[in-house]
Amino acid sequence: MTKNRKRSNAPVFWLLFGAGGMLAALTGPMLIFITGIAIPLGLLFPEDTMSYPKMLGFAQNFFGKGFIFVIIALFLWHSVHRIFHSLHEFGIPAGPTSKLVCYGTALAGTLVSAFVLFRMGF
Amino acid sequence: MSDPGKIIEIEVLRYNPENDEAPHSTVYKVPFTDDMSVLQGVQYIKDNFDGSLTFRWSCRMAICGSCGMMINGVPKLSCETFLRDYYPNRISLEALAHFPIEKDLVVDWSGFMEKLESVHPYIIPKEKRSPEEGEYLQTPEQFGEYIRYAACINCTLCYSACPQFGLDPDFIGPGALAILHRYNMDSRDGGATRRMELVASEEGVFTCSAAAYCSEVCPKHVDPANAVNINKINASKDYFLRFLRPKGES
């Protein structure tokens with residue numbers, strides 16, 4: 001076979017997708033439970049667990065910052081990859097435009113969260 | 001035993017490219033016994049109702065991989081699918097999905113044959129050996145690494161199951177990639193580098209969206225989905241590590 005084949009650049013997106021999927025599976029349900037159910041309903045945790053000063057402190061801590069960044073960025077890369085590959089189910093062709101919109105959203109989200117977290121200081 | 005009076009309705013998607021503009025369905029009322037396969041049902045139609053009905057078959061025992069068709073929308077080998085499991089409902093038969101129909105239940109496999117060739121489906125020896133040096137030895141563990149992928153009978157049911165092949169006919173596809181993996185995993189083989197160009201290409205493993213329906217329909221339990229996904233990891237490693245390797249063909 002002498003066909004000239006172009007190397008796919010998919011590994012970049014696929015690895016980000018895979019990392020996000022792993023992280024989502026490990027932390028997603030727990031995060032939804034804590035931030036979406038337990039804290040608003042006042043279950044299990046002290047009332048001020050997610051108060052502004054505490055969350056600001058968390059976001060200014062080096063590891064807290066890293067956690068927030070990784071959760072936002074990798075979850076985004078994971079979800080846009082899934083959305084991109086489901087587009088044809090909705091009759092949208094998976095062309096360069098939809099690719100740009102999907103992965104562009106994740107890139108923008110990554111850059112914005114990095115910028116905001118960095119500006120918050122340490 | 002079986003009741004000789006039972007009759008099942010078989011709806012067959014007919015297409016004769018010489019006369020028909022589009023495929024159309026014809027229903028046949030076929031008397032059957034409990035031991036009759038779907039293949040025997042279409043053979044009954046050909047022998048008794050319409051000799052022009054066209055379909056592929058050979059071994060009748062799920063080893064030749066010729067008689068695949070869509071049975072009630074599911075890709076199956078018609079020789080190991082039984083009419084009794086569908087009775088008293090009507091059973092619908094169509095040519096394998098995602099392939100161009102040649103005639104009736106026969107599809108054009110030339111695209112698949114090209115893909116099969118492109119994976120170098122043979123052992124490319126790691127080092128050349130003369131007959132005097134003796135045979136290549138392999139431990140049971142080394143044999144176990146590839147044997148499940150060697151069970152493929154090229155029936156292409158996995159291609160009919162694959163939503164991505166349905167969207168993009170250039171995708172190398174589950175079957176050929178499973179066979180590629182079979183040779184990569186063989187301890188006697190040294191061709192993985194040569195096969196990587198195809199694996200990592202735009203027609204390669206990354207077209208797969210991991211629906212894994214291919215593995216579900218495989219009559220030989222080859223698990224092509226697993227083979228494809230292992231090669232996504234291999235291709236990703238190759239993508240980033242290729243800059244660290246010395247240049248030149250191995």
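Student: In this predicted model, what percentage of the 122 residues in chain A do buried residues make up?

Tutor: A residue is called buried if 20 or more other C-beta atoms lie within 10 Å of its own. Of the 122 residues in chain A, the share that meets this is 14%.

Student: What radius of gyration does chain A have, set against a compact globule of 122 residues?

Tutor: The C-alpha trace of chain A spans about 65 × 30 × 25 Å along its principal axes. A compact globule of 122 residues would have a radius of gyration near 14 Å, whereas the value for chain A is 18 Å.

Student: In which order do the elements of chain A run from the N terminus?

Tutor: Chain A contains zero strands and four helices. Read from the N terminus on, the order is therefore α-α-α-α.

Student: Which element gives the largest share of the side of chain A that touches chain B?

Tutor: The contact draws on 16 residues from chain B and eleven residues from chain A. Four residues on the chain A side come from one element, spanning residues 10-41, and this largest share belongs to helix α1 of chain A.

Student: Within chain B, which element gives the largest share of the side of domain 1 that touches domain 2?

Tutor: The domain assignment places domain 1 of chain B at 7-107 and domain 2 at 110-241. In their contact, 14 residues of domain 1 meet twelve residues of domain 2. On the domain 1 side, β3 (68-71) and β4 (74-77) of chain B are the elements that give two or more residues. The largest share, four residues, comes from β4(B).

Key. Residues numbered from 1 in each chain as written. Chains lettered and ligands numbered in written order. Predicted model: local features only at pLDDT ≥ 70, side-chain atom pairs only at ≥ 80, totals over all residues. Contact = placed C-beta atoms within 7 Å. Rg over C-alpha atoms; globule rule 2.2 N^0.38 Å. Buried ≥ 20, exposed ≤ 12 C-beta atoms within 10 Å, placed from the backbone. Domains from an automatic or database assignment.
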